[in-house]
Amino acid sequence: KADIPVIGWVENMATFTCPDCGTVHRIFGDGELALDIPKLASLPLSMDMREAREGYGPLAQALLGRLT
């Protein structure tokens, strides 16, 4: 045991946004846990992350275009 306090959790692949119609889908359910631990963030399932993982470039570079 590491005896490290848990401050919260992050929901990965929380939503998927259809590239054709823009509808947001919660494909894995509502993302709630029956615990007294706060959710810190919800990360979407995104094509940018998939493409970055497949060698098209670092994730930061793939996401940079969205910020400019």
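## Glu 11 and its surroundings

In this predicted model, Glu 11 is buried, because its relative accessible area of 8% falls under the 20% that marks the limit for that class. Although Glu 11 is buried, its side chain takes part in a salt bridge with the side chain of Lys 39, with a distance of 3.0 Å from N to O. That pair links distant parts of the chain, since Glu 11 belongs to strand E1 and Lys 39 to strand E4, 28 residues apart.

The side chain of Glu 11 also meets that of Arg 26 in a salt bridge, here at 2.8 Å from N to O. Glu 11 lies in strand E1, whereas Arg 26 sits in the loop between strand E3 (24-25) and strand E4 (39-42), so this pair ties together parts that are 15 residues apart in sequence.

## The salt-bridge network

The count for the model comes to 2 salt bridges. Side chains of opposite charge can pair when their charged atoms come close. Lys 39, with a relative accessible area of 30%, is partly exposed, and salt bridges that share partners join Glu 11, Arg 26 and Lys 39 into one network. Arg 26 likewise counts as partly exposed, at 37% relative accessibility, while Glu 11 is the buried residue at 8%.

## Overall architecture

The protein chain contains 2 helices and 4 strands, and, read from the N terminus on, these elements follow the order β-β-β-β-α-α. Of the 68 residues in the protein chain, buried residues make up 13%, and Glu 11 is one of the residues that are buried.

Contacts between residues at least 6 apart in sequence can also be sorted by separation, and 51% of such contacts in the protein chain join residues at least 24 apart. The salt-bridge partners Glu 11 and Lys 39, in strands E1 and E4, are 28 residues apart.

## The exposed surface

The protein chain exposes about 5700 Å², and carbon and sulfur atoms supply 60% of that area. On this surface, Ile 7, Val 10, Leu 40 and Leu 43 make a nonpolar patch of about 380 Å².

Ile 7, one of the residues in the patch, lies in the segment before strand E1 (9-11). Ile 7 is exposed, because its relative accessible area of 65% is over the 50% that the class requires. Glu 11, by contrast, lies in strand E1 and is buried.

Note on methods:
Residues numbered from 1 in each chain as written. Predicted model: local features only at pLDDT ≥ 70, side-chain atom pairs only at ≥ 80, totals over all residues. Heavy atoms only, no water. Buried < 20%, exposed > 50% of the residue type's maximum accessible area, 1.4 Å probe, protein only. Contact = heavy atoms within 4.5 Å. Areas by Shrake-Rupley, 256 points an atom, 1.4 Å probe, with all protein chains shown as cover. Patch = residues over 30% accessible without salt bridge, like charges linked within 9 Å, V, L, I, M, F, W, Y side chains within 5 Å. Salt bridge = Lys/Arg side-chain N within 4 Å of Asp/Glu carboxyl O.
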